[in-house]
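This report describes a model with two chains lettered A and B, moving from the relation between the copies to helix packing and then to single residues with backbone geometry of interest. Please keep the coordinates open while reading.

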There are 2 protein chains.
Amino acid sequence: MVPEARAAGPAASYPDATASDPAKLGWMVGSPPPADRTLRFDDGSYFQFPAMRWSVSNFRQLMPTVNVSRGLGAPVPLPRALRTDIDAVRFTPIGASAPMTWAESLAANYTDGIVVLHRGRIVYERYAGVLKADGQHGAMSVTKSVTGTLGAMLVAEGRLDPARRVADYVPELAASAFGNATVRQVLDMTTGLQYSEDYADPKAEVWAYSQAGSPLPKPKDYTGPRSYYEYLQTVQPQGQHGEAFAYKTVNSDVLGWVISRVTGRSVAELLSERIWQRLGAEQDAYMTVDSIGTPFAGGGLNTGLRDLARFGEMLRNNGRFRGQQILPKAVVDDIRGGGDKAAFAKAGYELLQGWSYRDMWWVTHNDHGAFMARGVHGQRIYVDPKAEMVIARYASHPVASNAANDPTTLPAFEALARHLMSKPR
Amino acid sequence: MVPEARAAGPAASYPDATASDPAKLGWMVGSPPPADRTLRFDDGSYFQFPAMRWSVSNFRQLMPTVNVSRGLGAPVPLPRALRTDIDAVRFTPIGASAPMTWAESLAANYTDGIVVLHRGRIVYERYAGVLKADGQHGAMSVTKSVTGTLGAMLVAEGRLDPARRVADYVPELAASAFGNATVRQVLDMTTGLQYSEDYADPKAEVWAYSQAGSPLPKPKDYTGPRSYYEYLQTVQPQGQHGEAFAYKTVNSDVLGWVISRVTGRSVAELLSERIWQRLGAEQDAYMTVDSIGTPFAGGGLNTGLRDLARFGEMLRNNGRFRGQQILPKAVVDDIRGGGDKAAFAKAGYELLQGWSYRDMWWVTHNDHGAFMARGVHGQRIYVDPKAEMVIARYASHPVASNAANDPTTLPAFEALARHLMSKPR
């Protein structure tokens, strides 16, 4: 699971969405699949492009997972009011001179599936490649926003004090960089950590973190940490907490640990009990786990696309959905209010100027009050309160960093919001 | 996944159901769980008794799996007419002099969950340990009966010719013992194979099969088969096909391979499309997979308990359920008609005299026409057409072989059938 990066890497040439279509390429089809279409977890072949376009819809076939139960009741279908005018919506990609249509943006972003809700109704829904309405796709770092939402929920309920130190909740972290960070600093990722997620650097800490969290057996001479929790205790400080936003997955897993200590539930269990069972979800979700069963709170969630849209719609409605207050309104107020803009600016995201990060959500501070969950390779939840619009998107863009698809994503979402506001149905 | 054996092994002393209750022992509870309550897949700790009592309800947290989708529609709850008189039903265990009550049999059999349907209504339902109504449990070799049912379905539909040789469908198996066996011999496990499932014998072929099918990385010097399919091609003949019943898991995986070739679907996909999506199932099921994504057709199915009962109820109704003919009646006729009793007798099951094996079902040939799916450690589907009764049971008996629990299982099921017939409600 690859993290968000601040800017796109060096330009590389990849086959386009059609040429890399995982359904056409036929990964893992056949009994057995052909050797050059067989993907294995342990040799890493599953996550090379374009094979990863299959894998992001099939993580559970590659690694152990834990269920996020929807419960046993009837799903509550989202109302449908499909529109045919959306494909023609035009926008100009950031940095481009020629406009692009919404329909064209789907392929540009290697979209695997996208659902648009307007005023709570599905107005647009598309699937491509191997993702279907009854499948599940990796949410990648959108998981962080879900974990952050659970954290904000516990804060709103008074069960978690954002001003307290992490070590007060998880004493095992006292000697780590997290020990004297506040829960708020973790929620907003303003901790000062010696931890690099630069995948281009073979010495980056993210590699050791990945190995610690991998469910695969360790080499015989391995002496490092053997779980997410063991790794988190080794993170060293760098700089001061609270000064700058620094997007690091380990914060989300520390939050997951705090949440589990406070509630006696794993993140997967809490997500099921408090949210998934109350959304009328169509499908169980699931989370990948490490070798001792800890859900990957920083990136392990997989869901059906419509269910991801349901989650966003619940937030758009200030936590209220299907006549129930699922989350306190204060949670959404806190997310929408955003985080420290000055701290965010220090992180230097060229395309996200004026934004902030709060409760593990990306807050645009645009005039629609939009906020966003972002996962590498193009995963998104986009909530636009003013336009009464929610977009859930799963994708498998060849470049991990969302900086690579933001130019054809952000203006597209904004253009669609304006279109729906100007032509409501 | 441990196979059925013909007789119980040497008597051993195990903690009883209460002392080994996985909920009380607290496996995998806590963040992290205590070291002596942490179960890992790669060191085998997960399948030692009593830890395996947790694992059988949590296989997906230990290994990769593939979904068996229930679809996106509303579950159709089974009607409920719970009875309070069942716990007091008495029977005499085989080989015992003193009677036992039904309620006592639950603990004797290390029952994790049991559902009894009478005339299609739930009359009895119990869960113990860590299994809940919204959980999934390993069906173990009950999987074989599900795979066999799919095979019998394809036979009834004329898509699979039981008289043809396996190699006609899967040429890769031509040089193996399966090559000149008929599909019928595979369906009824009368193939002559050099393949031992004696877990007490370290040279038994089952160990090599387990290693081939394991999703874990192979040792560096490993040169053997790396998937179920690769292993199946190595099985050598022993004796003649068609002469004797010999219960060997590899037959089920060969059948799974044949099914996949004929239909272009994995067993998991076909099970979803043809059955699970049409049962009004409450939950998705799942199957464990090998390192190239092949579902374990011989033992990898995991389901909710009520859904397993639904499957049995559909068979009791001759393939008809919820107003739909889900399977041709000919499938159930063929199972109920049973297999070759003389061939079965040669296998020497002391407690199952007069039985036969057909389409991977155990047929009692008793005066109720009962037939049964059996999985190690106590898994069962029991269909009693005359009593209009279906029992689905998940268990975690310390002894793999069902010979260890048949004495407190078979007479209990028969006594309950008589009770329900004599006192219908």
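At 10% relative accessibility, T190(B) counts as buried, where buried means under 20% relative accessible area, exposed over 50%, and partly exposed in between, with a 1.4 Å probe and protein chains only. T190(B) sits in the loop between α6 (183-187) and β7 (193-194) of chain B; helices (H or I, at least four residues) and strands (E, at least two) are DSSP runs, numbered from the N terminus. Once its neighbours within four places in sequence are set aside, T190(B) touches Q185(B), Q240(B), H241(B), G242(B), E243(B), A244(B), F245(B) and A343(B), contact being defined as heavy atoms within 4.5 Å. From T190(B) to P162(B) the separation is 28 residues in sequence, and their C-alpha atoms are 13 Å apart in space.

The model is predicted, with local features needing pLDDT of at least 70 and side-chain atom pairs counting only at pLDDT 80 or more, while totals for chains, interfaces and linings use all residues. Residues are numbered from 1 along each chain as its sequence is written, chains are lettered from A and ligands numbered from 1 in the order in which they are written, and side-chain values use heavy atoms, with hydrogens and water left out.

**Relation between the chains**

Chain B is superposed on chain A by a rotation of 180° with 0.0 Å of shift along its axis, at an RMSD of 0.0 Å; the fit is by least squares on the C-alpha atoms of residues with pLDDT of at least 70 in both copies. That is the relation of a two-fold axis. The same surface serves both copies, given that 100% of the contact residues of chain B recur in chain A.

For chain A, UniProt places the feature "domain: Beta-lactamase-related", from an unreviewed entry, at residues 114-399; its positions are given in the numbering used here, feature names are shortened, and annotations may be inferred rather than shown by experiment. The span 114-399 of chain A is 30% helix and 19% strand, and its end C-alpha atoms lie 19 Å apart.

**Helix packing**

Helix α10 (residues 267-274) of chain A has 6 of its 8 residues buried, so it is largely enclosed by the rest of the structure. The buried residues of α10(A) are V267(A), A268(A), L270(A), L271(A), S272(A) and R274(A), and they pack against β1 (65-68), α4 (142-156), α9 (249-263), β9 (285-288) and β10 (301-303) of chain A. In chain B, helix α10 (residues 267-274) is likewise mostly covered, with 6 of its 8 residues buried, and the buried residues of α10(B) pack against β1 (65-68), α4 (142-156), α9 (249-263), β9 (285-288) and β10 (301-303) of chain B.

How do α4(A) and α9(A) pack, and at what angle? Their axes are 10 Å apart and the angle is about 40°, axes being lines fitted to C-alpha atoms, for helices over the stretch in contact, with angles running from 0 to 180 degrees between N-to-C directions. That makes α4(A) oblique to α9(A), since angles under 35 degrees count as roughly parallel, over 145 as roughly antiparallel, 65 to 115 as roughly perpendicular and the rest as oblique. The crossing of α4(A) and α9(A) is left-handed, a term for a near helix turned anticlockwise from the far one by less than a right angle, right-handed being clockwise. On the α4(A) side the contact involves residues including K144(A), G148(A) and L154(A), and on the α9(A) side residues including T249(A), G256(A) and T263(A). In chain B, the axes of α4(B) and α9(B) come within 10 Å and cross at roughly 40°.

**Backbone geometry**

Most residues other than glycine have a negative phi, and most peptide bonds are trans. The table lists residues that depart from this pattern.

| Site | Feature | Value |
|---|---|---|
| F49(A) to P50(A) | cis peptide bond | omega near 5° |
| S31(B) to P32(B) | cis peptide bond | omega about 0° |
| M28(B) | positive phi | phi near 60° |
| H377(B) | positive phi | phi about 70° |P50(A) lies in the loop between α1 (22-25) and α2 (52-55) of chain A, and P32(B) is found in the loop between α1 (22-25) and α2 (52-55) of chain B. M28(B) also belongs to the loop between α1 and α2 of chain B, and is buried, with a relative accessible area of 16%. H377(B) is found in the loop between β15 (371-375) and β16 (379-384) of chain B and, at 5% relative accessibility, counts as buried.
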